[in-house]
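Reader: Could you walk me through how this model is packed inside? I'd like the definitions along the way, please.

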Amino acid sequence: MAKKKNKAKKATLAEKADKFVCYQKSVQSPEHELEIFNQVYNEAYGRRPLSLREDFCGTFAVCCEWVKSDEERTAFGIDLCPDTLQWGKDHNLAKLDEEQASRVTVLEQDVRAGNTPTVDLLAAQNFSFWIFKKRQEVIDYFKVAYNNLNDEGVMLMDMMGGKECYNTTITDKRKVKKGKKGFDYHWEQAYFNPVTADCSFYIHFRFADGSKMKRAFEYHWRFWTVPEVREMLAEAGFSKSLVYWEQEDDDGEDTGVWMAEETAINNDSWLCYIVGIK
Ligand SMILES: C[S@@+](CC[C@H](N)C(=O)[O-])C[C@H]1O[C@@H](n2cnc3c(N)ncnc32)[C@H](O)[C@@H]1O
């Protein structure tokens with residue numbers, strides 16, 4: 001009888017993939033973040049911001065882009081997760097030259113530890129503060145953020161909303177890169193409890209060979225609304241808050257132009273920035 005060959009199983013693309021590479025390619029756009037940081041700060045104080053604190057920084061791609069953009073700029077990245085920070089050191093910080101890298105400081109700690117020098121701009125991106133589910137927890141965090149800012153200081157966060165964001169049957173699917181090395185990004189809105197506004201979201205990646213990296217990232221948050229966040233900013237001491245909304249053209253297409261607004265179109269799903277002015 002012919003002997004069965006003991007062939008080693010070939011690894012799938014999902015097994016070979018790096019979840020942080022996929023995340024950075026599908027979720028983050030540090031260049032765009034810097035544009036909005038510059039605009040918002042300039043509209044508040046008429047100058048370029050120089051120091052940044054990136055709370056919940058993950059792989060601190062934004063800090064790295066920040067110091068590259070201006071030789072006077074410094075950045076602090078704060079995150080609790082050692083593995084994520086290490087990936088950022090090996091892949092993002094390593095791409096900077098020595099002088100640029102010397103202007104980035106990364107701290108493995110809770111964002112509520114307020115032990116960095118004060119900065120011009122504090123960013124908390126990708127809905128990260130939604131991890132705080134109680135009003136008092138958010139206000140306490142905003143108070144620390146306020147104290148982390150210079151007198152001419154701005155705190156900036158992104159927010160999402162619209163009726164589609166509460167629909168737990170929806171998975172938003174997007175092709176990130178085509179071809180054999182390409183992959184799809186899936187944003188699954190898995191759970192929403194209307195009584196507590198507790199919600200869960202998952203990020204999955206699907207590859208050209210059909211393999212999947214399921215729940216590469218998962219988030220269990222409170223779904224905060226824009227007016228709630230503005231009220232909490234005021235309670236924490238911010239003198240005012242602004243909401244930056246992307247402008248649409250006559251056909252309802254996004255223009256890439258963001259303006260502070262007090263009313264906006266009730267789209268099925270939207271993203272905006274909330275800015276606390278010190
Ligand atoms: C949604 S990710 C955002 C990553 C990055 N800011 C971005 O825009 O893609 C949330 C990050 O917050 C970190 N995190 C969660 N709670 C934290 C806390 N209390 N203090 C510091 N970091 C925290 C997690 O480790 C994770 O890296």
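Here are a few questions and answers on the core, a helix pair and the ligand shell.

Author: Happy to help: this is a predicted model, where local features need pLDDT of at least 70, side-chain atom pairs count only at pLDDT 80 or more, and totals for chains, interfaces and linings use all residues. Residues are numbered from 1 along each chain as its sequence is written.

Reader: Which helix gives the most to the largest nonpolar core?

Author: A nonpolar core is a set of buried Ala, Val, Leu, Ile, Met, Phe, Trp, Tyr and Cys residues joined through C-beta atoms within 7 Å; buried means 20 or more other C-beta atoms within 10 Å of a residue's own, with C-beta atoms placed from the backbone. The largest one has 51 residues, and Cys63 and Ala123 are among those touching the most other members. Helices are DSSP runs (H or I, at least four residues), numbered from the N terminus. The top contributor, with six residues, spans residues 61-69 and is helix α4.

Reader: At what angle do α3 and α4 pack?

Author: Axes are lines fitted to C-alpha atoms over the stretch in contact, and angles run from 0 to 180 degrees between N-to-C directions. Helix α3 covers residues 30-45, and the two axes lie 9 Å apart. The angle is about 65 degrees.

Reader: Which residues come nearest to the ligand?

Author: A residue counts as near if its C-beta atom, placed from the backbone, lies within 6 Å of the molecule. Of the 17 residues around the ligand, the nearest are Phe56, Gly58, Cys81, Gln125 and Asn126.

Technical notes
Buried ≥ 20, exposed ≤ 12 C-beta atoms within 10 Å, placed from the backbone. Helix = DSSP H or I, 4+ residues; strand = E, 2+ residues; numbered from the N terminus.
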